[in-house]
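Me: Please take a close look at the ligand site in this model. I want the contacts first, and then the charged side chains that connect to them.

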Amino acid sequence: VRDLRIRWALEEASLPYRVETTPFEGRKDGHNTPQPFGHVPWLTDGDLAIFESGAILLHLGEMSEALMSRDARERTEVTEWVFAALNSVEMASLPWSIFHFSSQTDTPMFPFLEDFLTIHRLARIEPLLPEREWLAGTLGSRHRDGRRAAPGGPV
Ligand SMILES: N[C@@H](CCC(=O)N[C@@H](CS)C(=O)NCC(=O)O)C(=O)O
């Protein structure tokens with residue numbers, strides 16, 4: 001479930017947070033949540049309610065330099081990679097995982113999606129990774145140095 005990426009970011013930034021659950025049944029009919037499609041996750045921060053995991057991540061990035069630098073170029077890199085993860089990788093990995101986990105890999109779409117994902121997306125990222133620990137930012141080196149960002153406002 002897509003709350004994992006948000007919990008991960010909150011942990012990396014040492015931001016305080018509380019997890020709440022919502023009933024699965026009835027989430028679409030009359031399920032009055034800040035998520036217009038009746039989906040999870042959403043984040044409540046004070047009187048702000050944010051849906052879409054990418055939008056939530058960018059909001060958290062604004063709260064912690066451990067997640068997003070204040071430098072304009074580095075901020076742009078973070079934004080690029082958040083969109084790349086959602087728009088270029090997840091758009092292929094999601095249908096791939098639905099076929100995979102529902103054991104429908106014999107559908108003609110499956111090899112198409114697999115090639116699209118592995119050859120046209122992930123294989124192109126592979127050569128970038130030996131040069132750096134993270135695609136954007138310095139999250140890893142912050143950890144190696146033992147420095148963590150100070151907790152920001154309430155989440
Ligand atoms: N693009 C949305 C996707 C949200 C989404 O699809 N959430 C799933 C769980 S990860 C959900 O609530 N599914 C319930 C349903 O489809 O009814 C995001 O990234 O937040």
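Reply: A polar side-chain atom of Ser-53 sits 2.6 Å from an oxygen atom of the ligand. The model is predicted, and this distance, like the others below, is computed from it. Val-40 contributes through its backbone: one of its N or O atoms there is 2.7 Å from a ligand nitrogen. On the side-chain side again, an N or O atom of Arg-2 comes to 3.1 Å from an oxygen atom of the ligand. Taken alone, the ligand has 510 Å² of accessible area, and the protein covers 77% of that.

The shell around the ligand has nine residues, the closest being Arg-2, Arg-27, Val-40, Glu-52 and Ser-53. By class, the shell splits into four charged, three nonpolar and two polar residues.

Arg-2 leads away from the ligand to the charged pairs. Side chains of opposite charge can pair when their charged atoms come close. Arg-2 forms a salt bridge with Glu-90, with 3.5 Å from N to O. Because Arg-2 belongs to the segment before helix H1 (3-12) and Glu-90 to helix H3 (residues 72-101), this pair ties together parts 88 residues apart in sequence. The two partners differ in exposure class: Arg-2 is partly exposed, at a relative accessible area of 32%, while Glu-90 is buried, at 17%, since the limit for buried is under 20%.

Glu-90 has a further partner in Arg-5, where the closest N and O atoms are 2.5 Å apart. Arg-5 is in helix H1 and Glu-90 in helix H3, so this salt bridge ties together parts that are 85 residues apart in sequence. Arg-5 counts as partly exposed, with 24% relative accessibility. Through shared partners, the salt bridges join Arg-2, Arg-5 and Glu-90 into one network. The ligand contact of Arg-2 therefore involves a residue that is also a member of this network, its link there being the salt bridge to Glu-90.

The whole structure holds five salt bridges. One of them pairs Asp-3 with Arg-7, at 2.7 Å between the closest N and O atoms. Asp-3 and Arg-7 are four residues apart in helix H1, and so about one helical turn separates them. Asp-3 is partly exposed at 22% relative accessible area, and Arg-7 is also partly exposed, at 34%.

Technical notes:
Residues numbered from 1 in each chain as written. Predicted model: local features only at pLDDT ≥ 70, side-chain atom pairs only at ≥ 80, totals over all residues. Heavy atoms only, no water. Near = heavy atom within 4 Å. Polar contact = N/O pair within 3.5 Å; in protein donor to acceptor, adjacent residues only side chain to side chain. Areas by Shrake-Rupley, 256 points an atom, 1.4 Å probe, with all protein chains shown as cover. Nonpolar A, V, L, I, M, F, W, Y, C, P; charged D, E, K, R; others polar. Salt bridge = Lys/Arg side-chain N within 4 Å of Asp/Glu carboxyl O. Helix = DSSP H or I, 4+ residues; strand = E, 2+ residues; numbered from the N terminus. Buried < 20%, exposed > 50% of the residue type's maximum accessible area, 1.4 Å probe, protein only.
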